[in-house]
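These are my notebook entries on one protein chain and its ligand. I set down what I looked up, entry by entry.

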Amino acid sequence: MSKALVHPRVDAVGEATARRDGATFLAEVELRGASAAEADARREFAADVARDLALRPKRLQPKYLYDALGSRLFEAICELPWYRITRAERRLLELHAGAMTDSIADLTGVIELGCGSGEKLALLAGGMRRRARPLRVHLVDISPAALDLSARTLATVPHVSVVTHRAAYEVGLRQAATSPLRHGATLVLFLGSNIGNFHPAEADAFFRTVRRALRRGDGLLVGADLVKPEVDLVRAYDDPLGVTAAFDLNLLVRINRELGGTFDLADFTHEARWNAAESRVEMHLHCRRSQQVAIAAAGISVAFEAGETIWTESSYKYVPDAIAARGEAAGFACGEQWIDADAGFAVTLFRVD
Ligand code: AVJ
């Protein structure tokens with residue numbers, strides 16, 4: 001994302017009004033008993049929303065899709081017949097957990113970035129064949145709901161101790177990798193095709209960040225969805241039950257609730273597009289009619305034209321060699337790739353040699 005700050009277009013009077021309302025709104029939030037950390041998080045959310053809605057095309061960051069309801073809706077998406085990522089990856093982990101963990105000698109620590117429900121990590125930990133020492137698991141996620149759920153799931157796995165980090169990937173990774181309790185080898189997990197949310201330059205930067213946090217003998221396991229026919233890709237992101245639409249639209253519900261937004265949900269529809277040139281599925285919220293939307297805590301009033309969209313997410317789709325090349329460019333050695341040809345999904349092991 002460009003680092004130039006683009007300020008939302010608002011007229012002087014509107015801006016002053018919006019600012020006062022925003023300050024009032026945030027003060028009320030704090031009075032309602034939100035912690036200082038929550039207030040900070042909300043201010044950052046407000047600043048990101050103000051910056052991203054001023055871009056052309058308008059954008060919102062996918063990480064904000066995961067409030068309590070959004071996380072539940074995402075769990076529901078994973079059960080949809082048209083969204084095969086979760087089941088394909090689970091199959092691969094069930095079949096190959098032993099081989100995946102055996103390839104890292106003296107494995108004592110696992111760091112999962114974006115832990116979701118913790119179920120995959122439980123499969124992997126449960127499938128570890130040789131376990132000389134207890135496994136220390138670090139869960140990194142920005143969603144407290146996801147951390148809670150994962151910690152509870154992992155509590156049922158013997159010889160595993162859990163540390164949670166409510167943080168973005170990079171910060172959580174740094175916290176976990178610099179843990180004074182670190183000994184033996186570490187395996188970082190980046191599953192569920194979360195890599196797909198990164199634009200190419202961000203994906204490269206991500207691989208380099210993980211590489212820097214690791215030492216010789218450590219590993220990185222990446223799950224990535226593969227390119228497949230357009231009809232299948234679009235159905236996976238615009239399902240006939242409307243669950244993905246609810247997931248996408250919930251971002252506007254969240255802005256209304258947390259930032260005092262005035263989005264009328266009836267005016268926006270969910271859209272999924274396959275962008276073949278960029279090899280990504282894009283989610284957009286399409287605005288049906290021209291209108292003005294105020295977001296008090298962000299201090300903005302945003303003009304929408306009929307047909308304009310807010311781009312909320314990209315899910316890049318890979319071919320297996322492209323995943324390997326990304327990791328190798330960051331200095332990893334590419335180990336084995338386990339592929340589910342039916343659903344089109346790959347789990348790739350990288351090693352620090
Ligand atoms: C969790 C980012 C991997 O991109 O497939 C599911 C999120 N968005 N349906 C994905 C998502 C719409 C998902 N990731």
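**Entry 1: the sheet around β8**

I began with a cross-strand pair and found L285 opposite I310 in β11. Before going on, I noted that this is a predicted model, in which local features need pLDDT of at least 70, side-chain atom pairs count only at pLDDT 80 or more, and totals for chains, interfaces and linings use all residues. Residues are numbered from 1 along each chain as its sequence is written. For element names I used DSSP runs numbered from the N terminus, with helices being H or I of at least four residues and strands E of at least two. Strands pair here if DSSP finds at least two bridges between them.

I then looked up how β8 and β11 (residues 309–316) are joined: they run antiparallel and share seven bridges. On its other pairing, β8 (residues 280–287) is antiparallel to β7 over eight bridges. I recorded two pairs there: H270 stands opposite L285, and A272 has M283 as its bridge partner. The connection from β7 to β8 is a hairpin with four residues between the strands, and S279 in the turn has a positive phi of about 55°.

Which strands make up the open sheet, and in what order? I read the order as β1-β11-β8-β7, four strands with mixed pairing. β1 (58–59) and β7 (268–275) are the edge strands; each has a single partner, so one side of each is left without a neighbour in the sheet.

For burial I applied the C-beta count, with C-beta atoms placed from the backbone: a residue is buried with 20 or more other C-beta atoms within 10 Å of its own, exposed with 12 or fewer, and partly exposed in between. Six of the eight residues of β8 are buried, so β8 is largely enclosed by the rest of the structure.

**Entry 2: the β9–β10 hairpin**

I found β9 (residues 291–295) joined to β10 by five bridges, in the antiparallel sense. I295 has I300 in β10 as its bridge partner. Four residues lie between the two strands, and G299 in this hairpin has a positive phi near 65°.

Side chains in a regular strand alternate between the two faces of the sheet. I checked β10 (residues 300–304) for this: I300, V302 and F304 point to one face and are buried, whereas S301 and A303 point to the other and are not.

**Entry 3: helix α11**

Which residues of α11 are buried? In this helix (residues 320–329) I listed I323, A324, R326 and G327. Seen down the helix axis, these fall within an arc of 155°, so they line one face of α11; the arc is that of the directions from the axis to the C-beta atoms. D321 and A325, on the other side, are exposed.

For contacts I required C-beta atoms, placed from the backbone, within 7 Å of each other. The buried residues of α11 pack against α8 (200–213), β6 (219–225), β12 (333–340) and β13 (345–351). After the helix comes G331, with a positive phi near 100°.

**Entry 4: two buried residues**

I looked up I195 in the loop between β5 (185–190) and α8. It counts as buried because it has 24 C-beta neighbours inside 10 Å. Beyond its neighbours within four places in sequence, I195 contacts F190, A203, V222 and A224. I also noted Y316, 121 residues from I195 in sequence but 7.8 Å away in space, C-alpha to C-alpha.

V162 lies in β4 (residues 160–166) and is buried, with 20 other C-beta atoms within 10 Å. Not counting residues up to four places away, V162 touches V137, L139, A151 and L154. Between V162 and V137, 25 residues apart along the chain, the C-alpha separation is 4.8 Å.

**Entry 5: the ligand shell**

What surrounds the ligand? I listed I77, I85, G192, S193, N194, G196, N197, Y237, T244, E313 and S315, counting a residue as near if its C-beta atom, placed from the backbone, lies within 6 Å. Domain 1 (18–65 + 244–316) and domain 2 (85–226 + 318–351) both give residues to this shell, so the ligand lies between them. The domain bounds come from an automatic or database domain assignment.

**Entry 6: the whole chain**

I closed with the totals: the protein chain has 11 helices and 13 strands, and 42% of its 353 residues count as buried.
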